[in-house]
Amino acid sequence: MDLTPVTWQLSLLGKKITMFNQRNRGWAHPYPYAGGETLSTCGCGIFALGHCAQWLTGRPFDPGVWADFSCAHGGRGDDGTDRPALLRALMETGMAGALGFRCDDRENRNDLPSLHQMLLREAGVALCNLRVGHIVALVAARHGRDGLELLALDSACDSFHEKVRDHIREVIPGSMVRNPYLNREGMITGYSENYAAFWVDASLPRDFNLLYRI
C-alpha cells in the first residue's frame, strides 16, 4: 500500500473534503514560535480550521496562507495554535466570514450541551481537544446505539492514541492513512495505519470553540 500524501480527498455525508495529513513531513511550511517549527510539527490547529472551513463552505483551504495569518495576528502560541487569539483576529479582520463562520467565544468552552445542540442542528462546527495538546475539527452529530456521537476530522490521525481509541464508536474506512515511523536519524523503522475521520463518544471533547455557520 502506498504512503498517504500530504492531502487526499474524502467523501463524507455528501461533502467532498480535502483531508490534511499532518504526519506527512512534506508539510514543511514554517509555523514558527521559537525557531524551526513547521505545519507538520505544530499545525494541528490550522489543519483543523481548514477542515471546518471546507465543511462549511465547500471551498479550498490553503494551510500555509492561514499559518502566516496566525503568526501575523497573535494566533501562534508557545504550544501551537492559540485558538481564542486566532479566532478573535479572524473576527476582527473580517476573515472569519471568508471561512464561512462567526465565533462569539472569547475563551475555550466546556459546556457540552451547547456543543451537542449546535452540531445536532447543523448550525456550525467546532474546534476542540479530544486529548490534551491536539486540536481537531468536529463537524457533525448523530444518535448512535450507545448515545450521542460526534464526527471528528483529525490531521494527526489519532484513532489509535491511548487517550482516544477507547472512545471511538466507528472509523471512516476512506480516511485510513499510512505513514512511516522515523527514528532520530531519519530512518524508517516501521509504518502506522490509522484513521483521520471517526465518530467519538460525545462526552470526550474538551476546550472547544463553536464556529456558527453564516
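## The seven-stranded sheet

In this predicted model, seven strands form an open sheet with antiparallel pairing, in the order S5-S13-S6-S7-S8-S12-S9. The edges are taken by strand S5 (101-102) and strand S9 (168-171), and because each has a single partner strand, one side of each is left without a neighbour in the sheet. Within the sheet, strand S8 (residues 147-153) runs antiparallel to strand S12 (residues 197-201), the two being joined by five bridges, and Leu153 stands opposite Ala197 of S12.

Two helices lie across this sheet. Helix H2 lies across S5, strand S6 (124-131), strand S7 (134-144), S8 and strand S13 (206-213), and runs at about 40 degrees to S7, whereas helix H6 (residues 112-120) lies across S6, S7, S8 and S13 and runs at about 35 degrees to S13.

## Helix H2

Helix H2 covers residues 44-57, and at 1.5 Å a residue its 14 residues should span 20 Å, which agrees with the 20 Å between its end C-alpha atoms. Of these 14 residues, 13 are buried, so H2 is largely enclosed by the rest of the structure. Just after the helix, Gly58 takes a positive phi of about 75 degrees.

## Helices H3 and H4

Helix H3 (residues 63-72) and helix H4 (residues 83-93) have axes that come within 10 Å and cross at roughly 95 degrees; because angles of 65 to 115 degrees count as roughly perpendicular, that description applies to H3 and H4. On the H3 side the contact is made by Trp66, Phe69 and Ser70, and on the H4 side by Leu86, Ala89, Leu90 and Thr93.

## The surroundings of Thr81

Thr81 belongs to strand S4 (residues 80-81), and with a relative accessibility of 10% this residue counts as buried, since the cut-off for burial is under 20%. Its side chain is joined to that of Tyr31 by a polar contact of 2.8 Å. Leaving aside residues up to four places away in sequence, Thr81 touches Tyr31, Gly45, Ile46, Ser70, Gly75, Leu86 and Ile135. Among these partners, Ser70 and Leu86 also take part in the contact between H3 and H4.

## Two hairpins

Strand S1 (residues 7-12) shows an alternating pattern, in which Trp8, Leu10 and Leu12 point to one face and are buried, while Thr7, Gln9 and Ser11 point to the other and are not. S1 pairs with strand S2 (residues 15-20) in the antiparallel sense over six bridges, and the bridge partner of Gln9 in S2 is Thr18. The hairpin formed by S1 and S2 has two residues between the strands, and Leu13 in the turn has a positive phi of about 50 degrees.

Another hairpin is made of strand S10 (residues 176-182) and strand S11 (residues 188-195), which pair in the antiparallel sense over seven bridges. Asn179 stands opposite Ser192 in S11, and five residues lie between the two strands of this hairpin, where Gly186 takes a positive phi near 85 degrees.

## Ala156 in the loop between S8 and S9

Ala156 lies in the loop between S8 and S9, and its relative accessible area of 7% means that this loop residue is buried. Although Ala156 and Phe20 are 136 residues apart in sequence, their C-alpha atoms are 8.6 Å apart in space. Not counting residues up to four places away in sequence, Ala156 touches Gln22, Arg23 and His134.

Note on methods. Residues numbered from 1 in each chain as written. Predicted model: local features only at pLDDT ≥ 70, side-chain atom pairs only at ≥ 80, totals over all residues. Heavy atoms only, no water. Helix = DSSP H or I, 4+ residues; strand = E, 2+ residues; numbered from the N terminus. Buried < 20%, exposed > 50% of the residue type's maximum accessible area, 1.4 Å probe, protein only. Polar contact = N/O pair within 3.5 Å; in protein donor to acceptor, adjacent residues only side chain to side chain. Contact = heavy atoms within 4.5 Å. Expected span 1.5 Å × (residues − 1). Pairing = 2+ DSSP bridges. Axes fitted to C-alpha atoms, helices over the stretch in contact; angles between N-to-C directions. Parallel < 35°, antiparallel > 145°, perpendicular 65-115°, else oblique.
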